[in-house]
Amino acid sequence: MFKVGNKQITPSDGFIDQRFQNTVTSIFENRLPIFLPISKLHQSRIKKTFDTNDNVVIFDFNLTQIEVRGRLVTQRHKSLLESMLSYQKHLLTDESFYVKFKIHNLLKTKLNQKNPNDYDTFKKQLKELKDINLVIHIDDTEIGFGFIDDYIIDKKTGEYKIKFTRVLSQIWMNESLITYKKTNASINQITNMQVQSVIRYMITYNNLQIKISTLLNEKLNFKKIFSKAEQNKKLIELRDSFLNEDYKLIYQEYGITFDREHDNIVISRSESIFLDIKKGKTLTSKLS
């Protein structure tokens with residue numbers, strides 16, 4: 001139990017309902033810049049900042065501040081996280097929840113990997129997801145949490161049991177949730193991590209038009225992640241991605257287009273992927 005501003009955050013009785021079962025993420029998680037839009041961390045500007053600051057990096061927003069501690073993660077980790085969360089969720093008495101799945105099934109059917117027997121890479125990324133911790137400074141409240149509490153692997157059967165944290169479940173109960181299980185495989189197949197991050201941000205709106213430079217540098221914090229030269233390069237790459245036939249199909253799937261005349265990315269769709277919309281003093285409202 002904690003507060004966001006003057007609002008008390010508490011879990012609801014029996015909250016593992018259809019709404020909760022159907023989601024793989026909240027709007028809040030998709031708008032966070034913590035899942036970095038890069039494939040290789042070791043050469044990035046943010047990795048150097050992270051290493052020289054005792055494995056901590058801070059993202060500032062208008063009304064809040066978020067610390068990433070212990071581990072940097074990327075859009076690849078986000079794809080893995082959403083894939084695990086697409087399995088049936090089971091409530092535990094401490095208000096956390098767990099999922100269970102066969103590793104081969106996840107790699108083959110959820111992530112569509114060409115080599116669904118590469119368990120070592122999956123386990124490495126799973127451990128990295130467990131290592132990351134966030135500290136959110138919001139109003140007079142400080143919230144520290146991670147995504148994963150612990151996990152159990154049965155090496156004989158290939159069954160994984162992943163326990164997610166109590167705070168994550170509480171955040172989900174008080175944030176707008178997204179369901180795109182049928183189409184998240186499309187996002188996972190995108191090789192450009194920058195495009196992945198842009199799509200995940202844009203789908204948190206039904207209707208939005210935003211300057212590419214504002215989206216990348218202000219909302220997704222590219223100015224913190226990349227050097228100035230790299231930021232300019234990413235801007236060009238993103239504009240060009242709308243000319244890529246494979247990416248164009250995925251953009252169309254979510255109603256995302258590019259207004260080249262005004263240099264705006266636009267999302268407009270009639271079919272919502274939101275399970276519901278929470279209004280008021282949510283964590284997401286502090287990131288807007």
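Here are some short exercises on this predicted model, each with a worked solution.

A few ground rules first. Residues are numbered from 1 along each chain as its sequence is written, and side-chain values use heavy atoms, with hydrogens and water left out. In this predicted model, local features need pLDDT of at least 70 and side-chain atom pairs count only at pLDDT 80 or more, while totals for chains, interfaces and linings use all residues.

**Exercise 1: the whole protein**

Task: Find out how many helices and strands the protein has, and check its radius of gyration against that of a compact globule.

Solution:
- Step 1. Count the elements: there are 13 helices and 17 strands. Both are DSSP runs numbered from the N terminus, with helices (H or I) of at least four residues and strands (E) of at least two.
- Step 2. Get the expected radius. The rule is 2.2 Å times the number of residues to the power 0.38, and the radius is taken over C-alpha atoms.
- Step 3. Compare. For 288 residues a compact globule would come out near 19 Å, and the protein's 18 Å agrees with that.
- Step 4. Look at the span: the C-alpha trace covers about 55 × 50 × 45 Å along its principal axes.
- Step 5. Check the inside. Buried residues make up 53% of the 288. Buried means under 20% relative accessible area, exposed means over 50%, and partly exposed is in between (1.4 Å probe, protein chains only).
- Step 6. Look at the contacts, meaning heavy atoms within 4.5 Å. Of those with a separation of 6 or more, 68% join residues 24 or more positions apart.

**Exercise 2: H10 against its partners**

Task: Work out how helix H10 is placed against H12, and then against H9.

Solution:
- Step 1. Know what you need: two packed helices are described by the angle between their axes and the distance between the axes. Axes are lines fitted to C-alpha atoms, for helices over the stretch in contact, and angles run from 0 to 180 degrees between N-to-C directions.
- Step 2. Take H10 (residues 212-219) and H12 (residues 228-241): they pack at about 130°, with axes 10 Å apart. That makes H10 oblique to H12. The cut-offs are under 35 degrees for roughly parallel, over 145 for roughly antiparallel, 65 to 115 for roughly perpendicular, and oblique for the rest.
- Step 3. List who touches whom: Ile212, Ser213, Leu216 and Asn217 of H10 meet Gln231, Lys234, Leu235, Leu238 and Arg239 of H12.
- Step 4. Sort these residues by class: 4 are nonpolar, 3 polar and 2 charged. Here Ala, Val, Leu, Ile, Met, Phe, Trp, Tyr, Cys and Pro count as nonpolar, Asp, Glu, Lys and Arg as charged, and the others, Gly among them, as polar.
- Step 5. Now do H9 and H10. Their axes come within 12 Å and cross at roughly 95°, so the two helices are roughly perpendicular to each other.
- Step 6. Name the contact: Gln194, Val198, Tyr201 and Met202 in H9 meet Leu215, Leu216 and Lys219 in H10. By class, that gives 5 nonpolar, 1 polar and 1 charged.

**Exercise 3: buried or exposed?**

Task: Place Arg200, Val99 and helix H7 on the buried-to-exposed scale.

Solution:
- Step 1. Arg200 is found in helix H9 (residues 193-202). With a relative accessible area of 2%, Arg200 is buried. Beyond four places in sequence, its contacts include Asn30, Gln75, Glu82 and Tyr180.
- Step 2. Val99 lies in strand S9 (residues 97-102) and counts as buried at 0%. Among the residues it touches beyond four places in sequence are Met84, Tyr87, Ile162 and Phe164.
- Step 3. In helix H7 (residues 166-173), 7 of the 8 residues are buried, including Leu168, Ile171 and Trp172.

**Exercise 4: positive phi and a long reach**

Task: Compare the settings of Asn112 and Asn221, then see how far Ile277 is from Glu175.

Solution:
- Step 1. Asn112 has a positive phi of about 50° although it is not a glycine. Asn112 sits in the loop between helix H5 (103-110) and helix H6 (119-131), and is partly exposed at 36%.
- Step 2. Asn221 has a phi near 60°, also positive in a residue other than glycine. Asn221 lies in the loop between H10 and helix H11 (222-225), and is buried at 3%.
- Step 3. Ile277 is in the segment after strand S17 (264-268). Ile277 and Glu175 are 102 residues apart in sequence, but 7.5 Å apart in space, C-alpha to C-alpha.
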